[in-house]
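Please open the model in a viewer and keep the sequence panel beside it, since this tour moves from one selection to the next.

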Amino acid sequence: MILKTFKLGGVHPPENKVSAGAAIQHLPLPDKLFVPLSQHLGTPAKAIVNRGDDVKTGQLIAKSVGFISANIHSPATGKVAKIDQIIDQTGYKRTAVFIDTQEDVWEEGIDTSPDIERTIKLSKEEIIQRINDMGVVGMGGATFPTHIKMMIPEGKQIQYLIINGVECEPYLTSDHILMMEKGEEILIGTSILMKALGVDKAMVGIEANKPDAIAHLTKLTEKFQGITVHALKVKYPQGGEKQLIKALTGREVPSGKLPLETGCVVDNVGTAYAVYEAVQKNKPLIQRVVTVTGNAARKHANFLVRVGTPIEYLIEHAGGMPADLGKLISGGPMMGKALVSPEAPITKGSSGLLLMPETEAKRAPIKNCIRCARCISACPMGLEPFLLAQLVPLDKWDDAEANRIMDCIECGSCHYICPSGRPLLDFIRLGKDKVGKIIRTRVKQ
Amino acid sequence: MDNIILNAVIALSGIGVTAAVVLYFVAQKFKVIEDPRIDVVEAILPGANCGGCGFAGCRAFAEAIVAAGNLDNLNCPVGGNTAMAEIAKVLGLEAEEKEPLIAVLRCNGSLTNAKPKVKYDGPLTCAFAHNLYSGESGCPFGCLGLGDCVDSCKFDALYMDKATGLPVVIQDNCVACNACVKACPRGIFELRPKGKKDRRIYVGCINEEKGAPAKKNCEVACIGCGKCVKECQFDAITLINNLAYIDPYKCKLCRKCALVCPTNSIHELNFPPRKEKLVEKVDAPTEPAPVATEG
């Protein structure tokens, strides 16, 4: 059987899914939680609790501000110690609510029983409102507020809901284990999303390196109307939104447009699970599965942790901080970002922690570009990474824009494949930042 | 044979003469009348095309001067008062005497003062590092030490000091063209008046965090304690967002603020050494603040 995939580019980094067998482990609550007010794309939420307030697990502590924003709920029971600046994953300071935790008492109205709730009682509008209220955001990493994705502008027709269970990043297994343990919940979540979008077809895309998850979900889909499971070729970045749409439907997202244009909405399996919890169990998004792995990690684990847990707490539970730690990365090795400090908290978008030993963490020495064009053949967006990376240091923003720098999805395939070890993506990121600013000022004028 | 050569010469000369006549009339018809004073003014300007005046180059600046008809808000920092006076003389205008400026690095987070906690191995440009993370020392305001300012300087007035990891301004070369101010993604450079006898006093920090987190990352950070504000008799120091700022136009260079600063973040440049009595009286640190910059 020929497996579906996207046509253009792609690379195949070693998968290293060492934590795949580890069952989801509930992590005990830490003494202190730091809940950042900006855990999503868009405007940071506004805190509605004050210092000294008692909060219950699942209580709303910060309200969304503006159109693109999301609510934030208390991940634990306890007292608000203060609302102050905390170092985030980049080392810059962000406002966060500090909570001294006590014994877990859930807010009233939240169903914490393990029973699976199968019937969808809410209407389309109520579902979207509930998703908004419960602060559900995209769990794949971009943390785009989910309720906005559900609001389809008039005149647009959606044919497919695509559920992203690809997890093409090496090392990460949080989505995989979620599909194995919470498969039915994910499919109920998918049905809820289908109802909210008014579509009758949903496709779950899973990379072929997870045959157990494919078999498990395929078996479960027998009970669900309109949901199909598709095995996809193992190729990075298969899990990119645009690549996944191309692989499953053959449609291409036009340059500079949203996936909406192709009649598809893509949501992560983690998001589908969060939607299930929000709609069926009235449970806000306050916890997520985080993979702790890497060649320096003492123990490979998949933890279910509350948002706001310090990263060092997770590492402690995975056997402690290794002595030969070279790099601590939030996310996978391809798209993740190296952390400045382990004090930073887990947010709604943290999918994994990768501990790299010093020997692995070093970048290759930068040599001259030999014009081999491997970056061009690896680019899944059909760009010319070497050219973009050359234009940026020369401040040629117009040329960079004309060469579609804004279409870059920052997957890092170019940097991975470059035999000269050139930091192509770093320069493209810098260029995207500058060109993005130029475009925004132009739009304002 | 003769005939061919002769014909060719006559034909070509004919074309040449006709073209010349046509071109003469076209040139007369479409003549661009340019103010001859622009050339004169441009000749006076230094010709560095640095953009310090805010225009694209010296020619653009000369055009702007001649078009404006006055010298308000127009100044060539490279040529300084001499060039502006000369231009004023040529154009019959009056030039305002401007105090010469110099670039000042408002950060002293050297490798010893702000010890690196992490190691950066990305591309060596501050613009990228600034977008990526807070810096090796953890200070989100401090110098990243990757030298975008040095690359931007066209006058060889900046170099990176390997020992401190900070850029150094060479006083004699700096013309206050503003290039480094624009190049620094963190806005650490400031153009300040050169001061009497090149004496300057300024707060060498732009960290707006509260005292404790600022001090955690850097020993010489301004902690916003406000002691200098109280000490200053001339209302020259303001405290905004936990950061003291010395207004160079109000400052009388009495140096009292530097004595009370608990973190030595107020820098004094080119002053004679203090008299010992004064030092004992206020119980200040015997060593003057370690200054990383010359200018």
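Which residue of β8(A) does P36(A) stand opposite? Select P36(A) and then A96(A), for A96(A) is the residue of β8(A) that P36(A) stands opposite. Before going further, note that this is a predicted model, in which local features need pLDDT of at least 70 and side-chain atom pairs count only at pLDDT 80 or more, while totals for chains, interfaces and linings use all residues. Residues are numbered from 1 along each chain as its sequence is written, and chains are lettered from A and ligands numbered from 1 in the order in which they are written.

**The four-stranded sheet of chain A**

Extend the selection to β2(A) and to β8(A), residues 93-101, which run antiparallel and are joined by five bridges. Helices and strands here are DSSP runs numbered from the N terminus, with H or I of at least four residues for a helix and E of at least two for a strand, and two strands pair if DSSP finds at least two bridges between them. These strands belong to an open sheet of four, in the order β2-β8-β7-β4 of chain A, with antiparallel pairing. At its edges lie β2 (32-36) and β4 (54-55) of chain A, each of which pairs on one side only.

**The six-stranded sheet and its helix**

Next, colour the strands β1-β14-β13-β17-β15-β16 of chain A, which in that order form an open sheet of six strands with mixed pairing. The edge strands are β1 (24-26) and β16 (337-338) of chain A, each pairing on one side only. At the β16(A) edge, two bridges join it to β15(A), residues 325-330, and the two strands run antiparallel; there, I329(A) has A338(A) of β16(A) as its bridge partner. Now add helix α3(A), residues 174-181, which packs on this sheet and touches β1, β13 (287-293), β14 (301-306) and β17 (352-357) of chain A, its direction making about 125° with that of β13(A). Contact means that the C-beta atoms of two residues, placed from the backbone, lie within 7 Å.

**Two packed helices**

Keep α3(A) on screen and select helix α5(A), residues 211-221: the two pack at an angle of about 35°, with their axes 9 Å apart. The axes are lines fitted to C-alpha atoms, for helices over the stretch in contact, and the angles run from 0 to 180 degrees between N-to-C directions. The residues that make the contact are H176(A), M179(A) and M180(A) on α3(A), and D212(A), A213(A), H216(A) and L217(A) on α5(A). By class, they divide into four nonpolar, two polar and one charged, where Ala, Val, Leu, Ile, Met, Phe, Trp, Tyr, Cys and Pro count as nonpolar, Asp, Glu, Lys and Arg as charged, and the others, Gly among them, as polar.

**A covered strand**

Move to strand β9(A), residues 160-164, where five of the five residues are buried, that is, have 20 or more other C-beta atoms within 10 Å of their own, against 12 or fewer for exposed and partly exposed in between, with C-beta atoms placed from the backbone. Both faces are covered, with Y160(A), I162(A) and N164(A) on one side and L161(A) and I163(A) on the other. Five bridges join β9(A) to the parallel strand β10(A), residues 201-207, in which V204(A) is the bridge partner of I163(A). Another five join β9(A) to β12(A), residues 264-268, also running parallel, and there N164(A) has N268(A) as its bridge partner.

**The two chains as wholes**

Zoom out to chain A, which has 14 helices and 17 strands. Its radius of gyration, taken over C-alpha atoms, is 21 Å, close to the 22 Å that the globule rule gives for 445 residues, so chain A is as compact as a globular protein of that length; the rule is 2.2 Å times the number of residues to the power 0.38. Buried residues make up 52% of chain A.

Chain B has 11 helices and eight strands. Its radius of gyration is 28 Å, well over the 19 Å that the rule gives for 295 residues, so chain B is more spread out than a compact globule. Its C-alpha atoms fill a box of roughly 105 × 50 × 30 Å along the principal axes, and 37% of its residues count as buried.

**Between the chains, and a last stop**

Display both chains together: 12 residues of chain B are in contact with 11 residues of chain A, and the chain B side comprises seven nonpolar, four polar and one charged residues. Finally, centre on E97(B), in the loop between α4 (80-91) and β1 (101-105) of chain B, which is exposed, with 7 other C-beta atoms within 10 Å.
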